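I am opening a fresh page for a structure that is new to me. My plan is to look up its parts one after another and to write down what I find.

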Amino acid sequence: MSYKILAFVESKENKFKSPAFEVVSEANKLASELNTTFEVLTIGNDEVKNDAPILGNYGATKVNFVNLNELNSKSGKSDFVYSQTAFAKVIANYASKNGFNLILLSGSALGKDIAPRISVLLDASYCPDAVDIKIQDGKIISKRPVYAGKSYINLSFNSENIVIGLRPNVFKPVKSGNNSAEVSSVDINSLDIFDVDFSTVVKEIKVSSEKLDVAEADIIVSGGRGLRGPENFNLIENLAASLGAATGASRAVVDAGWRPHGEQVGQTGKTVSPSLYVACGISGAIQHLAGMSSSKVIVAINKDKDAPIFQIADYGIVGDVFEILPALTEEIKKVKSN
Amino acid sequence: MNIIVCVSLVPDSTTKVKISADNKSLDPNGVSYILNPYDEFAVEEAVQLKEKNGGELTAVSFGLDKSKEAVKKAFQMGADKGVLIKPDNENYDSYTVAKNLAEYIKSKNPDIILFGKQSIDFDGLSIPNMVAEMLKLPSVNVVVKLTVDGTKVTAEREIEGGLEILETSLPVVIGTQKGINNPRYPNLKSIMASKSKPIEEIKPTYTGNKTEIVEMALPAAKGSGKILTGGADQVSELVRLLREEAKVI
């Protein structure tokens with residue numbers, strides 16, 4: 001089986017950010033291990049096109065660019081930013097017309113939206129949420145967490161085409177090459193997308209707040225029932241602010257209505273793997289641990305020394321969150337200002 | 001309104017995962033199974049749509065006999081009919097599940113198909129959109145607000161740090177996220193009534209998986225951490241460790 005790799009990357013606010021660098025870096029690594037080449041595909045406006053050579057820093061030599069305005073003009077509508085079905089069709093058709101049979105993309109909200117459709121269009125095997133990709137005896141084996149990280153599976157693929165979504169924040173961007181990837185415009189009319197269903201359109205994107213989302217954050221400070229009430233979460237927010245972190249919460253406090261459900265970390269909330277996770281007043285119910293135990297460094301602050309959270313913590317303090325959190329916030333401000 | 005809700009039975013979120021002797025699956029001993037929590041939101045949303053628009057609500061599950069429990073829970077919450085697509089064994093992947101659900105759904109021509117955004121066992125977040133693509137239908141997943149007005153559909157979908165507001169039309173596939181509603185508790189009457197409701201069993205039409213699990217394993221155990229016991233007096237030591245040893249701040 002010989003592979004030809006296509007890395008689909010997305011931009012944010014018309015710039016390429018870490019998720020794109022992660023996908024390109026992994027494509028570069030796999031191409032080298034499989035002794036093959038890879039190309040990049042992206043969809044965006046002219047600003048995105050102008051930013052595309054930067055992907056060369058992570059090993060891309062060729063970036064194929066689909067003009068979003070040209071794509072949207074096929075819809076006959078004037079005012080939308082993104083159509084899931086159109087993106088999926090563009091990527092699937094580009095891959096099949098150009099012989100790409102291994103497609104990597106980020107497991108972002110967008111990636112998780114389009115990858116299932118791409119896999120059906122290409123009759124492909126699909127692995128979402130991969131945290132490691134290995135080659136064993138020439139075959140691709142993809143590792144992904146299941147049961148919210150309580151265990152892992154290694155998957156092999158039966159189809160000739162493979163689609164793999166990479167869990168964000170796990171694969172490291174690796175510098176390789178320079179800021180000069182060739183950017184090649186794709187003729188949209190060559191993609192046979194005339195039958196795309198443009199009936200579903202994103203009319204508007206509401207940014208819920210200026211706050212960082214736990215799913216994207218490199219540092220997370222989470223609070224649980226130990227905070228005793230919603231009025232005390234300013235302690236969590238202050239510590240988070242001092243660290244440039246997102247705020248998270250346990251299921252107990254979300255179910256109690258103290259915090260919005262978007263902050264919930266755990267098996268029925270978000271699964272996160274930041275470089276630093278600070279759990280404050282969280283005892284560590286198994287469904288919470290499932291959602292955060294793959295964090296690189298875990299700090300626990302809890303008054304109960306036997307709390308399960310300490311069993312997976314790298315560092316911790318046994319003590320009262322109401323004394324420790326303000327002191328910790330001040331200490332971090334102090335060292336950060338030096 | 002002809003409504004289909006797809007439900008799955010999953011290990012309770014308090015389950016401590018143990019691996020079977022085959023090293024490829026969960027050891028089911030001692031595991032208690034529940035209706036997938038995200039599917040509860042889908043069933044609730046489906047029941048509300050039926051209450052508002054009339055029509056019929058069918059709950060469909062793919063799985064072995066025990067999956068009937070998921071259908072029964074849907075009955076208790078207000079589903080009218082139940083279907084189990086029953087394979088011969090548990091060796092099926094998400095593509096196989098999606099393909100069989102799509103085949104069934106196609107034969108019923110529903111106005112709306114609801115799913116939980118993902119099941120809490122394999123967490124793929126993939127089946128709703130796979131089914132939609134197989135049926136060539138629009139879909140919106142991770143939905144926290146849904147409005148259906150005639151054939152016009154408006155859905156709010158959660159993305160990183162915000163929401164997308166989408167417009168589409170029936171028929172549509174919707175995946176529900178926590179926050180969309182508060183699932184009802186079944187009352188005693190509906191629990192009793194659900195016991196006698198029949199569940200139609202059908203055979204899968206497709207069994208060729210596209211992925212194989214070669215191994216299931218537990219994450220590597222962590223070494224014991226440095227836990228300081230001196231309360232707030234240890235804050236500066238903690239910060240020193242995080243800076244100098246862990247190098248994370």
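The entries below go from domains to sheet, then to helices and the chain contact.

**Entry 1, the model and its domains.** I note at the start that this is a predicted model. I looked up the domain assignment of chain A and found domain 1 at 5–191 and domain 2 at 219–337. The centres of domain 1 of chain A and domain 2 of chain A, taken over C-alpha atoms, are 33 Å apart. Where the two touch, I found seven residues from domain 1 of chain A and eight residues from domain 2 of chain A. On the side that belongs to domain 1 of chain A, I sorted the contact residues by class and got four nonpolar, two polar and one charged.

**Entry 2, the sheet of chain A.** I then followed the strands of an open sheet in chain A, which has seven strands in the order β7-β11-β6-β1-β4-β5-β12 and parallel pairing. Which strands stand at the edges of this sheet? I found β7 (125–130) and β12 (182–185) of chain A there, and because each has a single partner strand, one side of each is left without a neighbour in the sheet. Neighbouring strands of the sheet are turned against each other by 25° on average, with direction ignored.

For one pair I looked at the bridges themselves: strand β6 (residues 102–106) of chain A runs parallel to strand β11 (residues 162–166) of chain A, and five bridges join them. Within that pair, Leu104(A) has Ile164(A) in β11(A) as its bridge partner.

**Entry 3, helices on the sheet.** I next asked what packs on this sheet, and found that helix α4 (residues 84–97) of chain A does, touching β1 (5–9), β4 (38–44), β5 (62–67) and β6 of chain A. The direction of α4 of chain A makes about 155° with that of β4(A). I found α5(A) packing on the sheet as well, where α5(A) touches β6, β7 and β11 of chain A and has a direction at about 170° to that of β11(A).

**Entry 4, a hairpin in chain A.** Strand β8 (residues 132–136) and strand β9 (residues 139–146) of chain A pair in the antiparallel sense over five bridges, and I picked out Ile133(A), whose bridge partner in β9(A) is Ser142(A). How many residues lie between the two strands of this hairpin? I found two residues between β8(A) and β9(A), and I noted that Asp137(A) in the turn has a positive phi of about 50°.

**Entry 5, two helices of chain B.** In chain B I looked at helix α2 (residues 68–77) and helix α5 (residues 188–195), which pack at an angle of about 135° with their axes 8 Å apart. That angle makes α2(B) oblique to α5(B), and the crossing is right-handed. The residues that meet are Lys72(B), Phe75(B) and Gln76(B) from α2(B), and Ser190(B), Ile191(B) and Ser194(B) from α5(B). By class, I wrote down two nonpolar, three polar and one charged for this contact.

**Entry 6, where the chains meet.** My last look was at the contact between the chains, which takes 74 residues from chain A and 64 residues from chain B. Helix α5 (residues 109–121) of chain A gives the largest share of the side of chain A that touches chain B, namely eight residues. That side of chain A has 36 nonpolar, 22 polar and 16 charged residues.

I also found strands pairing across the chains: strand β13 (residues 201–207) of chain A and strand β9 (residues 162–169) of chain B are antiparallel, with six bridges. One bridge that I noted has Glu204(A) with Ile165(B) in β9(B) as its partner.

Terms used
Residues numbered from 1 in each chain as written. Chains lettered and ligands numbered in written order. Predicted model: local features only at pLDDT ≥ 70, side-chain atom pairs only at ≥ 80, totals over all residues. Domains from an automatic or database assignment. Nonpolar A, V, L, I, M, F, W, Y, C, P; charged D, E, K, R; others polar. Axes fitted to C-alpha atoms, helices over the stretch in contact; angles between N-to-C directions. Parallel < 35°, antiparallel > 145°, perpendicular 65-115°, else oblique. Left-handed = near helix turned anticlockwise from the far one by under 90°. Pairing = 2+ DSSP bridges.
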